[in-house]
Amino acid sequence: MATECPKGRNRKQSDEDMVNLIDNVEQKDDLKYNRRAFLKTAVGASMALGLSTVPFSVRAMIGLAEPDHDRVEIIRLDQLPKGESVTFHYPTENDPALLIHTVEGKLVAYNSACTHLMCPVFYQKEKDVLLCPCHKGYFDVNDGHPVAGPPQRELPLIEIEVDRGVVYAVGRQYRHG
Ligand code: FES
C-alpha cells in the first residue's frame, strides 16, 4: 500500500520520479563524460600524430630525410680502369647491377636485367654499348635507353657517388620515355 507524500503524492509515484530523475542525471552525465572522453582522445591522438611527424618534417627541411635506399660501396675507382665494368647488386641482393667506367671516362650504373626478358646485360667495350646477348638487345651506355633489338624500356639508373676514391650506389631511378 502506497504512503502519502507531504505534497499529496503517493510514495510509489515519488520513487518512480526519483528513478527517472536519476536516469536522466546519469544519461546527461554519460553524454557529458563521453563527450569529454572523446575530446580528450581526439586531442591526444592529434598531438601524438603531430609530434610523430615533426622530426621527419624537420629532417626533410634540412635535407637529412632518409634516402630511399642504403648507400652501398661498389668498388675503389682505381680498381676500375676506363673501358671496364663491374657487377654488383643494388638495392637488394636480388637486383643485379653493372657499374661501367666508359672509354670516355664517364661512370654510369644501371640495373643489368634486360628490360626485354631479364637476361643479364654486358658492357661491350669495343662498341662502347650495353649488349643483351639473349636477343641482341642494345642499350646506350650513357643513358641506358634501348637503341636496337627487342627492348623497349630503358634500364633503371643507379645513382652513384664517388667519395675519397670509392664508388658508392646511393639510389635508383626508374625512368620513362
Ligand atoms: S632478354 Fe634482352 S633482348 Fe631479350
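Colleague: Two strands count as paired if DSSP finds at least two bridges between them. Over how many bridges do strand 7 and strand 8 pair?

Modeller: This is a predicted model. Strand 7 covers residues 137-140, and one of its residues, Phe139, has Pro146 in strand 8 as its bridge partner. The pairing of strand 7 with strand 8 is antiparallel, and the number of bridges is two.

Colleague: Which elements does the chain contain, and in what order do they run?

Modeller: The secondary structure comes to one helix and ten strands. Read from the N terminus, the order is α-β-β-β-β-β-β-β-β-β-β.

Colleague: Which strands stand at the edges of the open sheet of four strands?

Modeller: The open sheet has the order 5-6-7-8, with antiparallel pairing. An edge strand here has a single partner strand, so one of its sides is left without a neighbour in the sheet. The strands in that position are strand 5 (122-124) and strand 8 (146-148).

Colleague: What is the average twist from one strand to the next in the sheet with the order 5-6-7-8?

Modeller: The pairing in this sheet is antiparallel. From one strand to the next, the twist averages 40°.

Colleague: Which residue in the turn between strand 9 and strand 10 has a positive phi?

Modeller: Strand 9 (residues 157-163) pairs with strand 10 (residues 166-173) in the antiparallel sense, over seven bridges. One of these bridges joins Glu159 to Gly171 in strand 10. The two strands form a hairpin with two residues between them. The turn residue with a positive phi, about 50°, is Arg164.

Colleague: Which strand supplies the largest share of the largest nonpolar core?

Modeller: The core has 20 residues, and those touching the most other members are Leu98, Ile100, Ala109, Tyr110 and Val121. At least two residues each come from strand 3 (96-101), strand 4 (107-111), strand 6 (129-132) and strand 10. The largest share is four residues, and the strand that supplies it is strand 3.

Colleague: Which residues does Ile100 touch, leaving out those up to four places away in sequence?

Modeller: Ile100 is among the core residues that touch the most other members. A contact requires C-beta atoms within 7 Å. With residues up to four places away left out, the list for Ile100 is Ser85, Val108, Ala109, Tyr123 and Val141.

Colleague: What percentage of the residues in the chain is buried?

Modeller: A residue is buried if 20 or more other C-beta atoms lie within 10 Å of its own. The chain has 177 residues, and the buried share is 17%.

How values were computed. Residues are numbered from 1 along each chain as its sequence is written. This is a predicted model: local features need pLDDT of at least 70, side-chain atom pairs count only at pLDDT 80 or more; totals for chains, interfaces and linings use all residues. Axes are lines fitted to C-alpha atoms, for helices over the stretch in contact, and angles run from 0 to 180 degrees between N-to-C directions. A residue is buried if 20 or more other C-beta atoms lie within 10 Å of its own, exposed if 12 or fewer, and partly exposed in between; C-beta atoms are placed from the backbone. A nonpolar core is a set of buried Ala, Val, Leu, Ile, Met, Phe, Trp, Tyr and Cys residues joined through C-beta atoms within 7 Å. Two residues are in contact if their C-beta atoms, placed from the backbone, lie within 7 Å.
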